[in-house]
Amino acid sequence: MLWISLDRAANSPLIQQVYMQIRKKILSGELMAAEKLPSTRQLADLLGISRNVVLEAYDQLLAEGFLVSKRGAGTFVAEGAYLPSGKSIAFQKVTNKEEVMSEPSIIQFRSGIPALDLFPRRIWGKLTQSICYEVEASAFNYDVPQGRPELREALSKYVKNARGIECHPEQIVITTGATQAFTLASKLLVSPGDELVIEDPITSDIQVIFTNHGAKLIPVPVDDSGIQTCLLPQDTKPAFVFVTPSHQFPLGGVLSIQRRVELIQYARKRNSYIVEDDYDSEFRYEGAPIPSLQGLAPDRVLYVGSFSKLLSPSLRLGYLILPPEFIDRGRKEKWFLDLHTPSLNQLVLARFIQEGHLERHLMKMRKSYKKKRDRLIDCLHDAFTGNESTWCIHRPASYR
Ligand SMILES: Cc1ncc(COP(=O)(O)O)c(C=O)c1O
């Protein structure tokens, strides 16, 4: 639609104002060659002026060669009327690092990105379409900050079966990914100057979220069994301890049950909390799954889940499970952040879980990842055994 602002109190006549503004848009390139203009009637209606005013302005522009009229088709911007000012700002194209990495000759070793080629496009598309047709019009209105009841209901059952978590759907806040859940947890638990215990190493992104809330970070080293609880600081009361107990990020250790118990006791003794980031616990290839920390101490743990690793990070769907005393504040803080996470995607995910597609999708992902993992281990084994001076990696033929 053509946007023209008219000043009825100005000295210049309306015809002149319409003519000048269209002329300026053509010269500056805002209206481009071959672009169709609204009909004189449409523009007159839009601007609330007589059609004759628009007719005269168009006639003038046609006469000067800014516009061309095609019989039966309408009025168009003429070729060659754009005059570059030479002052345009050069915006740099932001290169997406995933674009660079998706070059076919490169094997992706970056962790934390699911197999995007396995995204269940057909089912997701079908569910999106049926939900769009079926839901009541109110689903397209502003929604509640804590998220759709359908999704919170489906999630409370899913986490109970998959992760041994006991929670009422009212304890769940749907977030825009785990990242927003970390922000929300910080808002609930951290005051400027508070200390937080984090695993060492952990991604800088997570550190930045916490320091942005004014927290001072106390890093505690991890080993194969997760955070070394014997090194937790004794002379302080951290606002919370942040852990990735199912699969330490980035080193991959699993927090042992002894350390889980020690961590919970540590938090209880200090009246502190634990923020449990369970970002990809569904993927295990060895040993029995270890239930969540939340299942052991629901009163002390704020549990963070994400669909970025199970389905796609572009969905931006995660959740935070809160001890009951934080429910009201959690909803308020979520409202302040972005009112609510988009409802349509939430409804699709709820249906995806309810109809058993998530379970089937996970089975498929596990199978595919296990195959890749086994293949990688075999290749590393082949390449790194024997004489160390001849170590070199060759890409297996089937991956070329
Ligand atoms: C440790 C960790 N937790 C969780 C996530 C998931 O974040 P989000 O759900 O916002 O995509 C990531 C993303 O890479 C991560 O590195």
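Trainee: What makes an oxygen atom of the ligand and an N or O atom in the side chain of lysine 309 a polar contact?

Mentor: The two atoms are 2.9 Å apart, and because a polar contact is a pair of N or O atoms within 3.5 Å, this pair qualifies. This is a predicted model, in which local features need pLDDT of at least 70 and side-chain atom pairs pLDDT 80 or more, while totals for chains, interfaces and linings use all residues. Residues are numbered from 1 along each chain as its sequence is written, and side-chain values use heavy atoms, with hydrogens and water left out.

Trainee: How do you know that aspartate 277 and serine 308 also qualify, and which ligand atoms do they face?

Mentor: A polar side-chain atom of aspartate 277 lies 2.5 Å from a nitrogen atom of the ligand, and one of serine 308 lies 2.6 Å from an oxygen atom of the ligand. The residues surrounding the ligand, taken as those with a heavy atom within 4 Å, include Phe182, Phe249, Tyr279 and Arg316.

Trainee: Why are helix 12 and helix 13 called roughly perpendicular?

Mentor: The axes of helix 12 (residues 343-354) and helix 13 (residues 357-384), lines fitted to C-alpha atoms over the stretch in contact, come within 5 Å and cross at roughly 75 degrees. Since angles of 65 to 115 degrees count as roughly perpendicular, the term applies to this pair. Helices here are DSSP runs of H or I with at least four residues, and strands are runs of E with at least two.

Trainee: Which residues make that contact?

Mentor: With contact meaning heavy atoms within 4.5 Å, Arg351, Phe352 and Ile353 of helix 12 meet His357, Leu358 and His361 of helix 13.

Trainee: What makes the backbone notable at proline 201, proline 250 and asparagine 271?

Mentor: Most residues other than glycine have a negative phi, and most peptide bonds are trans. A cis bond, with omega about 10 degrees, joins aspartate 200 and proline 201, and proline 201 sits in the loop between strand 4 (195-200) and helix 8 (204-212). The bond from phenylalanine 249 to proline 250 is also cis, with omega near 15 degrees. Asparagine 271, although not a glycine, has a positive phi of about 55 degrees, and is found in the loop between helix 9 and strand 8 (273-277).

How values were computed
Axes are lines fitted to C-alpha atoms, for helices over the stretch in contact, and angles run from 0 to 180 degrees between N-to-C directions. Angles under 35 degrees count as roughly parallel, over 145 as roughly antiparallel, 65 to 115 as roughly perpendicular and the rest as oblique. A polar contact is a pair of N or O atoms within 3.5 Å; within protein, one must be able to donate a hydrogen and the other to accept it, and residues adjacent in sequence count only if both atoms are side-chain atoms.
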